[in-house]
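Me: I would like to go through this structure one question at a time. Please give the reasoning first and finish each reply with what I asked for.

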Amino acid sequence: MPDNKRRLRSAEWFGTADKNGFMYRSWMKNQGIPDHEFQGKPIIGICNTWSELTPCNAHFRKIAEHVKKGVLEAGGYPVEFPVFSNGESNLRPTAMFTRNLASMDVEEAIRGNPMDAVVLLVGCDKTTPALLMGAASCDLPTIVVTGGPMLNGKHEGQDIGSGTVVWKLSEEVKAGKISIHDFMAAEAGMSRSAGTCNTMGTASTMACMAESLGTSLPHNAAIPAVDSRRYVLAHLSGNRIVEMVDEDLKLSKVLTKDAFENAIRTNAAIGGSTNAVIHLKAIAGRIGVELGMDDWSRVGRGTPTIVDLQPSGRYLMEEFYYAGGLPAVLKRLGEADLLPHKDALTVNGKTLWENVCDAPLYNDEVIRPLDNPLREDGGMCVLRGNLAPGGAVLKPSAATPELMQHRGRAVVFENFDDYKARINDTDLDVDADSILVMKNCGPRGYHGMAEVGNMGLPSKLLEQGITDMVRISDARMSGTAYGTVVLHVAPEAAAGGPLAAVRNGDWIELDCNSGRLHLEVDALELEARLAEGDPTAVSKEIARSGGYRQLYIEHVLQADEGCDFDFLVGSRGADVPRHSH
Ligand code: FES
Ligand code: MG
């Protein structure tokens, strides 16, 4: 068999004339693959999160076909393989619970199989970090192809945004402003094409993160799922991944600390989801990059949010693409010296700045000028204090400015069920200045850290016209949600964090300017309260029921550590394992 310039990894399977080579090739040939396809062509894995239970990724077989055309055209051979698909909309208790499981699937599938490089087909929220995490632990040449957002939702003559409209309409039903019939009629209008949430929710945020990290071709984040240019991008990504094998352009050459700093700055500019704080930490951990909560303050704070998309602003992903997409945002940042590392390498072999310096911008309403931003300071607000020694986050662009410095009395819910049972009780002792506190919704407490942090307000306050209150929890929040919401409190209550000790009537101070989250209870009293019970008992009990839940609860790291499993942090490379026969 002809020698390649550099011996391909896949040649360890297909490149020998002995018994092993016979076996690896022979079984593959049952798919009708001719001999010449095994003569030293790069084998490109197409890691597919297609699933009809992940509706956001249900069109991925077609995207994979276009990637394959590109791979074949460039002289590679494509092999599509399925991995666990984390669908945000259906999976209970939350798709976050299985993000690490999916990442393990991805890592072992890549390492154990004959491939020289991999294309990651991602879309719905958790699929992007899960696949990047798994791929980072292997570190082959890797390129991300995103499925793209849905077309704008349409309802009663208005554009409506995925997720964001659900929070809004459900509050309007509770406040008696719209009928249940109108509420349900919006369902089909909201989701009327293939693709991911069309707001700047977590899926769109992570797509922008992947592009600003340099792991995808330019424009990957915003092209609508059903726009034919999405298929062209898939085809070109197929072309490019074959070249990346020749260039040995591994993921670790792209995913540098500089790349993460570019992504943090980008997150502020787009008004991105708080979930990105957790996912970027987890991805960085897999590739060996040190990334801390303080990097979000250091790099992100002071960056204006210029993308006027829901939930922070007005428009949706369709308009974002037509306005110039992420390249236009990066160009605008770069021209103002707000792109920290213009020379960061991207998967097409060019620097981030080379990719975007000539990008056109067509609409200043959607991608606003830096001197007329949606928010002056869009960077993630990282909070610390005796209530969150490991940190907590708040998304300024989704918050009410007047509430970002607030002192109020705690109204405490022990867990999500307690919250649901009592929030609409007319006797609940709560007013607009109160701070809603919810415990036991973190990684261990909920197992999975559900997106319940943007607790709906008490009906009696909604009826009075109150639209926002300070809320604090160890939960996450959907990227499509909004409000003055403190999230990811670490350590969580179920890990014995101080959140477990908060009681009704305690005064809490939130100050987003100084990054302070303070419970006005002295240290001795706090310690005494925590010593009274064992806040970790419930999660330990759940762990005893076995299965994946046990693995999860026993090994999941806290939010400030990215919620990865302790034993998965780090890159283990893609050395070829020993033969199976
Ligand atoms: Fe899949 Fe929003 S539910 S992207
Ligand atoms: Mg989401």
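Me: Which residues have the most contacts inside the largest nonpolar core?
Reply: The model is a predicted one. Its largest nonpolar core has 172 residues. Within that core, the residues with the most contacts are V119 and L120.

Me: Which helix gives the largest share of this core?
Reply: The core draws at least three residues from domain 1 (42-151 + 195-356) and at least three from domain 3 (381-543). Its largest share is eight residues, and they come from a helix spanning residues 275-287. That helix is α12.

Me: Which residues does L120 contact, leaving aside its neighbours within four places in sequence?
Reply: A contact here needs C-beta atoms within 7 Å. Helix α5 covers residues 127-138, and L131, L132 and A135 are among its buried residues. L120 is in contact with these three. The full list for L120 is C47, L131, L132, A135, T142, V144 and V145.

Me: How many residues of α5 are buried?
Reply: A residue is buried if 20 or more other C-beta atoms lie within 10 Å of its own. Helix α5 has twelve residues and reaches 17 Å from its first C-alpha to its last, close to the 16 Å expected. The helix is mostly covered, and its buried residues include T127, P129, M133 and C138. The number buried is twelve of twelve.

Me: What phi does D139 take?
Reply: D139 comes just after α5. Its phi is positive, at about 65 degrees.

Me: Which side chains of strand β14 point to the buried face?
Reply: Strand β14 covers residues 516-519, and its side chains alternate between two faces. R516 and H518 point to one face and are not buried. The side chains on the other face, which are buried, are those of L517 and L519.

Me: What is the bridge partner of E509 in β14?
Reply: Strands β13 (residues 507-511) and β14 run antiparallel and are joined by four bridges. Their hairpin has four residues between the strands, and G515 takes a positive phi near 75 degrees there. In β14, the partner of E509 is H518.

Me: How many charged residues are on the side of domain 1 that touches domain 2?
Reply: The domain assignment gives domain 2 as residues 153-190. The C-alpha centres of domain 1 and domain 2 lie 30 Å apart, and eight residues of domain 1 are in contact with six of domain 2. By class, the domain 1 side has four nonpolar and four polar residues, and the number of charged ones is none.

Terms used: Residues numbered from 1 in each chain as written. Chains lettered and ligands numbered in written order. Predicted model: local features only at pLDDT ≥ 70, side-chain atom pairs only at ≥ 80, totals over all residues. Expected span 1.5 Å × (residues − 1). Pairing = 2+ DSSP bridges. Core = buried A, V, L, I, M, F, W, Y, C linked by C-beta atoms within 7 Å. Domains from an automatic or database assignment. Contact = placed C-beta atoms within 7 Å. Nonpolar A, V, L, I, M, F, W, Y, C, P; charged D, E, K, R; others polar.
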